Amino acid sequence: MYITPTLNDSEPTSKPRAIAVLTSGGDCPGMNPAIRGVVRAALHKGIKVFGVQRGYSGLIIGDMQEMDSSSVSNIVQRGGTFLKSDRCPAFKDPAVRYQAAEVLKEKGIDAVVVIGGDGSLTGAHLLTSENDIRVIGLPGTIDNDIYGTDLTIGFDTAVNTAVEAIDRIRDTALSHESLFLVEVMGRNSGFIATHVGIACGAEMIIIPEYELQIDAICFQLVNNRLQGKSSSGIIVVAEGPKPGVTTNIAKQLNQQELDPKVCILGHIQRGGSPSGHDRVLASCLGTSAVDYLCAGYNDVMIGVQNGKIKETPLHQIIENNKQLDNQLFERALMLHK
Ligand code: ADP
């Protein structure tokens, strides 16, 4: 499905002696097949590989086990991360990162694959900048908001999960001729909301990238009602940076007696069995991470760009924000009634 670059194991010295793999930050479906990809590719190349428990929290105390091929059997279909994930604020301290590097060196590990979102990738970049440990990042988040990759691991599954839920809500909206505001995840970005809105035929999509025109929305809904059109339907709302956005919109619609029902999908979007697409993406990225290490790369994230596996320096990932494709959102607007 993805075109993988041909990388040469250039210098025998580039080949890591042992690799540690960890998952950090918010979990997402597809982390397990990504771990499996790293482990199986490392073993295939005769490299020792260790699974770190609870992300950076486990790294700093050396909570890691050497893995063999069967350590990653029967996980490809499981959601979440079997290595567990954690937030570890202590990792922002350079002294703690030094401690983690020393732990790795003691165990003979000279490279780490970090699977996580932009926070986790920032930690990975700092770890290698300050210490003699090589790192490769993989984009793991349902939000799809990471620069340097068209897709993140977990996004496809989260979109499918939300679409399935909204299809069910649609049955009730139609039966009761009611209006639903459905809030989906995505933090500051409207990737999930836009894709979900298109896929489930939403009557409107509200995302942080476009200023909320609540008066215009009320006007259109009231107008529909005055013209005798059904006021039932689904409005997909991206959660945005501040919680409660959907409840506030509902309050304003209530003032116009539109009486919307609010449904916040929440964490059901983060769990569940990864989609076939996410399993393939995660497997390609996980195995590629080992190829890149053997070819001498360091301090890069491996993602997909235009159907090809491609590396991007981690500092660029941290410095840049990924923008939603305006044309896609405009297409979504075209699809509204
Ligand atoms: P995500 O990786 O999903 O974006 P977070 O932003 O919570 O999630 O980051 C996950 C972890 O990555 C943090 O708990 C911390 O251990 C590490 N991290 C985040 N930001 C930094 C930073 N600026 N410096 C070092 N480590 C960081």
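Where does the ligand sit? In this predicted model, the ligand is found in the largest pocket. Let us start there and then visit a few residues elsewhere in the chain.

**Around the ligand**

The shell around the ligand is made up of 16 residues, and those that come nearest are R87, C88, D118, G119 and S120. If you are tracing the shell by secondary structure, helix α4 is a good place to begin: this helix, residues 118-130, gives the most to the shell, with 6 residues.

Oxygen atoms of the ligand have polar partners on the protein. Here are three such pairs, with the kind of protein atom involved:

| Residue | Polar atom of the residue | Distance to an oxygen atom of the ligand |
|---|---|---|
| R87 | side chain | 2.8 Å |
| D118 | side chain | 3.0 Å |
| G26 | backbone | 3.3 Å |

How much of the ligand does the protein cover? On its own the ligand has 550 Å² of accessible area, and the protein covers 82% of that.

Two residues in the table also appear in the list of those that come nearest to the ligand, namely R87 and D118. For R87 the partner atom belongs to the side chain, and for D118 a side-chain atom is likewise involved. With G26, by contrast, a polar backbone atom lies 3.3 Å from the ligand oxygen.

**A buried threonine**

Now to helix α6, which spans residues 191-199 and holds T194. Is T194 buried or exposed? T194 has a relative accessible area of 0% and is therefore buried, since the cut-off for buried is under 20%. Which residues does T194 touch, once its neighbours within four places in sequence are set aside? Its contacts are I205, I207, L324, L328 and F329.

**Two loop residues with positive phi**

N74 and E177 are worth a look if you check backbone angles. N74 lies in the loop between β3 (64-66) and α3 (94-106). Its phi is near 60°, a positive value in a residue other than glycine. The relative accessibility of N74 is 61%, so this residue counts as exposed.

E177 belongs to the loop that runs between α5 (155-175) and β6 (179-184). Although E177 is not a glycine, its phi is positive, at about 50°. Why does E177 count as exposed? Its relative accessibility is 58%, and exposed means over 50%.

Note on methods: Residues numbered from 1 in each chain as written. Predicted model: local features only at pLDDT ≥ 70, side-chain atom pairs only at ≥ 80, totals over all residues. Heavy atoms only, no water. Helix = DSSP H or I, 4+ residues; strand = E, 2+ residues; numbered from the N terminus. Buried < 20%, exposed > 50% of the residue type's maximum accessible area, 1.4 Å probe, protein only. Contact = heavy atoms within 4.5 Å. Near = heavy atom within 4 Å. Polar contact = N/O pair within 3.5 Å; in protein donor to acceptor, adjacent residues only side chain to side chain. Areas by Shrake-Rupley, 256 points an atom, 1.4 Å probe, with all protein chains shown as cover. 1 Å grid on protein atoms, 1.4 Å probe; cavity = no way out; pocket = protein on both sides within 12 Å on 5 of 7 lines; lining within 4 Å. Sits in = over half its atoms within 2 Å of the grid points.
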